[in-house]
2 protein chains.
Amino acid sequence: MSIRNSKWSKREKKIARKAFDKAYQREMEIIKKEILNRLNKMKSVDQIWDLHDFLSAKRNNMADKYDYRYSMLITVFGRLLAEGYISEEDLCGLDDEKLTSIKNISRFKK
Amino acid sequence: MSIRNSKWSKREKKIARKAFDKAYQREMEIIKKEILNRLNKMKSVDQIWDLHDFLSAKRNNMADKYDYRYSMLITVFGRLLAEGYISEEDLCGLDDEKLTSIKNISRFKK
């Protein structure tokens, strides 16, 4: 079965939602720390616009990455696993086929 | 003479540049403080996008406001005086006609 057509059980949907939200929260906390870091290191007030550019890019990137459609979730989790925003433990409880696909995608995205 | 066609002496240009830069620096410092304030009060990471919206609006506003064309400077200074980013002392040395126009615009903008 194509990874886009995988069926998600109620239990799997719960696991997926939790892992997805955790990754999002984690990545947003990192963005917040980066803003503070940039503010602390700022030498000229004009760098505020560099910070704005950084946030514009991150916003696009996050909107693109965090796509919670079931047809996209395996690819999304593959990427999040590759980037370290989720661990294999976060996905524990998904069926073997999904886990294998996620890990394969993760290896490819690294 | 229309305020758009005012002639600026070399000395006046120097005074204008200094007042303009000082106001810009002052306003940018306030924006920087506001970013820190918003980060400190942030209850949810999603508010990072509110901060991004705030910076987008400020960037447009600053680009619009800080227009250093001599044909625009009297209006610009009128607004900056009204908003408190420059004082009358910062403009000391400009000719009386310019000062009167700036103060008139300032009263109108308040």
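## Basis of the model

Contact, as the word is used here for packing and for interfaces, means heavy atoms within 4.5 Å. This is a predicted model, in which local features need pLDDT of at least 70, side-chain atom pairs count only at pLDDT 80 or more, and totals for chains, interfaces and linings use all residues. Residues are numbered from 1 along each chain as its sequence is written, chains are lettered from A in the order in which they are written, and side-chain values use heavy atoms, with hydrogens and water left out.

For chain A the mean pLDDT (the predictor's confidence in each residue, from 0 to 100) is 94, and 99% of its residues reach 70 or more; the model scores ipTM 0.88 and pTM 0.89.

## Relation of the two chains

A turn of 180° with a shift of 0.0 Å along the axis lays chain A on chain B with an RMSD of 0.0 Å, by least squares on the C-alpha atoms of residues with pLDDT of at least 70 in both. That is the relation of a two-fold axis. Of the residues of chain A, A:His52 comes closest to this axis, its C-alpha lying at 3.3 Å. Because 100% of the interface residues of chain A are also interface residues in chain B, the copies meet through the same surface.

## Helix α3 of chain B

Helix α3 (a DSSP run of H or I, at least four residues, numbered from the N terminus) spans residues 73-82 of chain B, and 8 of its 10 residues are buried, that is, under 20% relative accessible area with a 1.4 Å probe, protein chains only. Among them are B:Ile74, B:Phe77 and B:Leu81, and the buried residues pack against α1 (10-41), α2 (47-65) and α4 (96-109) of chain B. Just after the helix, B:Gly84 takes a positive phi of about 85°.

Note on methods: Buried means under 20% relative accessible area, exposed over 50%, partly exposed in between (1.4 Å probe, protein chains only). Helices (H or I, at least four residues) and strands (E, at least two) are DSSP runs, numbered from the N terminus.
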